[in-house]
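Got your viewer open? Let's take a short walk through this one, one selection at a time.

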Amino acid sequence: MAGLSERIRALVRDDIAALAPYDPSFTPCAINLSANENTYGMPDAVREALASALAQAPTNRYPDPMAGDLRDQIAQWHGVPRGSVCVGNGGDELLFNFFLAFGGPGRRLLDCPPTFTVYDIYSRMVGTEVLRCWRDRETFGLDMGALLPMAARADMVIVTSPNNPTGNVIAPADAARICEACPGMVMIDEAYVEFADGDSSCEPLLQDHDNLVILHTYSKAFCLAGVRVGYVLAAPDVIDVLAAVRQPYSVDVLAQESARVVTAMRDEFLPTIARIRDERERLARGLAAIDGVRVWPSQGNFLLVRMSQAGIVRARLRDERSILVRDFSAAPGLQDCLRVTVGTPEENDELLDAIAELCKEAS
Ligand SMILES: *Cc1c(COP(=O)(O)O)cnc(C)c1O
């Protein structure tokens, strides 16, 4: 941590003092394409249902600790028993609890960078050693030949699918091989799976693999990033462990109500999700047509792009165009890369126009 006082430096745990906090480097901008939110916003019908549900929510009472009604709804949606579902304060809380329960000193996480950096931060917080199986430098695909023997030595494996920020999905058959190779727990983080092709989810593997955990969130496709609700699906004995380490009231009354309304009305989101998938392909074509810009195929609601001077382009987008995108140009394996969230057609047009102009000026 930068700027730690000597007094606190002497008091805090060494491994915590060495932590760099998660920094989404947010700056208010007219167009925010930096955090992979659903920029189309809540469908009107859902917004109205939410308003009346929230107006009646019993905020004077503690929430149901395990969110029984919401769990039942999620269980029914996914065709699993209630005991296979645990909800959390965003996917992030469930990730942290996963580390708390299955990581810790003397244990090892197998991570597949470049990927979501929260895994690395949480493993440090709980003192878990990290093994890294780097993705292919060109395609960002997984190197299964290297990965399987490493999985055999790990207590936990996390694979993000679609992967943030590269957009790759893992074939369920490969996920099954990881579950078989790893003596510990395997999490497939499916935060963006709603944007992927229909047969991408590893969820069907839950039937035959009791060390598999599937992570989901309402933050991306379902427009609840500001409310904080996520859930995992796993074998009931895994859920029992996650339930034991969670903060009892982490999913508050308003969050439970919101997630229930959204779950009941989830089909209302399908047109927007389809739209985002179409816009993703249009934006990818538009970016690829700009001289000096490389785009990777993506199954998420975001695209990874590479261009020279990416850090400068990102700062100019922000300062001159009020467009915020995410800078990965200094991240290992992602030199000169930016991640852009797929926005509305108007937002995407502005982004394309701005990047085209900035790249032209730079060349
Ligand atoms: C956004 C995201 C999550 C979870 O986000 P929450 O808002 O905490 O639910 C988990 N994994 C990945 C890879 C993400 O990008």
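**Two domains to colour**

Start by selecting 6-42 together with 269-362: that is domain 1, while 44-267 makes up domain 2. Give each its own colour. Keep in mind as you look around that this is a predicted model.

Next, drop a centroid on the C-alpha atoms of each domain; the two centres sit 23 Å apart. Now select the residues where the domains touch: domain 1 puts 34 residues into the contact, and domain 2 puts in 39.

**Zoom out to the whole chain**

Switch to cartoon view and you'll find 13 helices and 13 strands. Then strip things down to the C-alpha trace and line up the principal axes: the box comes to about 55 × 50 × 50 Å. Why does a radius of gyration of 21 Å agree with a compact globule? Because for 363 residues such a globule would come out near 21 Å, and the chain has 21 Å.

Try a contact map too. Take the contacts between residues at least 6 apart in sequence, and 72% of them link residues at least 24 apart.

**Surface and charge**

Colour by burial now: 53% of the 363 residues count as buried. Turn on the surface and you're looking at about 16000 Å² of exposed area, with carbon and sulfur atoms supplying 51% of it.

Last stop, the charges. Select the positive side chains and you get 34; select the negative ones and you get 50. Put a marker at the centre of each set, and the markers end up 4 Å apart.

How values were computed
Residues are numbered from 1 along each chain as its sequence is written. This is a predicted model: local features need pLDDT of at least 70, side-chain atom pairs count only at pLDDT 80 or more; totals for chains, interfaces and linings use all residues. Side-chain values use heavy atoms; hydrogens and water are left out. Helices (H or I, at least four residues) and strands (E, at least two) are DSSP runs, numbered from the N terminus. The radius of gyration is taken over C-alpha atoms; the globule rule is 2.2 Å times the number of residues to the power 0.38. Buried means under 20% relative accessible area, exposed over 50%, partly exposed in between (1.4 Å probe, protein chains only). Contact means heavy atoms within 4.5 Å. Accessible areas come from the Shrake-Rupley method with a 1.4 Å probe; for residues, only the protein chains shown count as cover. Lys and Arg count as positive and Asp and Glu as negative; His and the chain ends are not counted. The place of a charge is taken as NZ of Lys, CZ of Arg, CG of Asp or CD of Glu. Domain bounds come from an automatic or database domain assignment.
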